[in-house]
Amino acid sequence: MNIHSFLADDDQQSKQYKYVLNNTNKVPEESKNDRSASTLENNYLRSFALKSAQQGDYTEAIALLTQLIYRHPHNAVDYNNRGLIYFQSGERPKALYDYNTALKLNPYLASAYNNRANYYAACGELAAALTDYDRAIDLNPCHVRAWINRGITWRDMGEYEEAIENFEVALLFGQLEGHIWAERGRTYHLWGDWNCAIADYRRALTQLPDLETTKSLTVSRLRLQIESWLNDLLSPEHLIW
């Protein structure tokens with residue numbers, strides 16, 4: 001399997017968190033309406049769950065999402081987000097249960113298919129992962145993470161040409177370019193095309209923030225990994241042009 005993580009879908013939580021931050025000063029006015037106040041409170045719970053997860057406090061994040069699920073047992077997004085945090089905390093069976101529940105509630109939730117595919121890929125069930133990535137992309141052809149993850153899975157299966165095609169489609173959307181260059185570079189690296197690999201690794205490093213400025217653990221790990229791969233290719237035993 002690939003040594004670093006497949007890209008999970010936490011966009012819904014991120015958007016809700018930004019919404020809460022941008023509307024904090026509006027609380028007294030909105031509280032006049034019970035429905036608005038309840039909605040704002042739910043958004044706060046989601047934002048705190050996201051913040052807790054980002055800080056590594058998975059127990060708190062799961063507790064907050066569980067409270068939301070108790071309040072709104074038919075909200076597929078909350079199940080999907082809780083499944084993501086279960087997965088990040090290593091509780092894979094609980095993650096799968098939540099992804100399946102989310103998809104029962106909303107069979108058109110592309111992010112849940114992407115996240116469940118990540119679960120299957122991490123468990124080595126690559127065929128099942130491809131099926132779910134396909135479904136995510138069918139539902140949302142602009143789903144960049146699913147394109148990237150499907151490319152990683154094809155690479156793990158030794159299908160390097162298929163992997164490259166997926167990464168090239170992902171580049172068309174102008175998102176997560178540092179991740180895509182890194183994954184395409186790794187594919188060329190494993191395929192034996194070292195010149196292309198070096199070029200993509202260097203492109204990736206120009207897109208990713210420096211270790212001193214990024215607050216993302218995922219980005220920091222990816223940058224360090226790219227530097228390691230690049231140093232390997234630039235070592236004297238590989239410098240045969």
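Is helix H11 mostly covered or mostly uncovered, and how many of its 15 residues are buried? I looked this up at the outset, working on a predicted model. H11 proved to be mostly covered, with 12 of its 15 residues buried.

**Entry 1. Overall composition**

I listed the secondary structure of the protein chain and found 13 helices and zero strands. Read from the N terminus, the order of elements is α-α-α-α-α-α-α-α-α-α-α-α-α. I then looked up burial for the whole chain: 47% of the 241 residues count as buried.

**Entry 2. Helix H11**

I returned to H11 and noted which of its residues are buried. Among them are Gly-178, His-179, Ile-180, Trp-181 and Ala-182. The buried residues of H11 also include charged side chains, namely Glu-183, Arg-184 and Arg-186. Tyr-188 and His-189 are likewise on the list of buried residues.

I also looked up the length of H11. At 1.5 Å a residue, its 15 residues should span 21 Å, and the end C-alpha atoms are 21 Å apart, so the two values agree.

**Entry 3. The loop before H11**

I examined Leu-176, which is found in the loop between H10 and H11. Phi of Leu-176 is near 50°, a positive value in a residue other than glycine. I recorded Leu-176 as partly exposed, since its relative accessibility is 26%.

**Entry 4. Salt bridges**

I retrieved the salt bridges and found that the structure holds 12. Side chains of opposite charge can pair when their charged atoms come close. I looked up three of the pairs in detail.

What distance separates N and O in the salt bridge of Arg-184 and Glu-168? The side chains of Arg-184 and Glu-168 meet at 3.5 Å, N to O. Arg-184 lies in helix H11 (residues 177-191) and Glu-168 in helix H10 (residues 160-171), so this pair ties together parts that are 16 residues apart in sequence. Arg-184 counts as buried because its relative accessibility is 12%, the cut-off for burial being under 20%. Glu-168, with a relative accessible area of 36%, is partly exposed.

For the second pair, I found Asp-134 and Arg-150 joined by a salt bridge between their side chains, with 2.6 Å from N to O. This pair links distant parts of the chain: Asp-134 belongs to helix H8 (residues 126-139) and Arg-150 to helix H9 (residues 144-156), 16 residues apart. I noted a relative accessible area of 30% for Asp-134, which is therefore partly exposed. Arg-150 has 15% relative accessibility and so counts as buried.

The third pair is Arg-223 with Glu-227, whose closest N and O atoms are 3.6 Å apart. Why are Arg-223 and Glu-227 separated by about one helical turn? The two residues are four residues apart in helix H13 (residues 217-233), and for that reason about one helical turn separates them. Arg-223 is buried, at a relative accessible area of 10%, whereas Glu-227 is partly exposed, at 28%.

I then looked up whether salt bridges share partners. Glu-168, Arg-184, Asp-200 and Arg-203 are joined in this way into one network. The pair of Arg-184 and Glu-168 recorded above thus has both of its residues in that network.

**Entry 5. A charged surface patch**

Which residues form a negative surface patch? I found Glu-159, Glu-161, Glu-162 and Glu-165 in such a patch. I placed Glu-165 in helix H10. Glu-165 is partly exposed, because its relative accessible area is 42%.

**Entry 6. Distances between C-alpha atoms**

I looked up two pairs of residues that are separated in sequence. Phe-87 and Ala-122 are 35 residues apart in sequence, and their C-alpha atoms are 9.9 Å apart in space. Phe-87 is found in helix H5 (residues 76-88). With a relative accessible area of 21%, Phe-87 is partly exposed.

How far apart in space are Asp-134 and Ala-146, C-alpha to C-alpha? The distance is 8.0 Å, while 12 residues separate Asp-134 and Ala-146 in sequence. I note that Asp-134 in helix H8 is also the residue that meets Arg-150 in a salt bridge.

Technical notes:
Residues numbered from 1 in each chain as written. Predicted model: local features only at pLDDT ≥ 70, side-chain atom pairs only at ≥ 80, totals over all residues. Heavy atoms only, no water. Salt bridge = Lys/Arg side-chain N within 4 Å of Asp/Glu carboxyl O. Buried < 20%, exposed > 50% of the residue type's maximum accessible area, 1.4 Å probe, protein only. Patch = residues over 30% accessible without salt bridge, like charges linked within 9 Å, V, L, I, M, F, W, Y side chains within 5 Å. Areas by Shrake-Rupley, 256 points an atom, 1.4 Å probe, with all protein chains shown as cover. Charge placed at Lys NZ, Arg CZ, Asp CG, Glu CD. Expected span 1.5 Å × (residues − 1).
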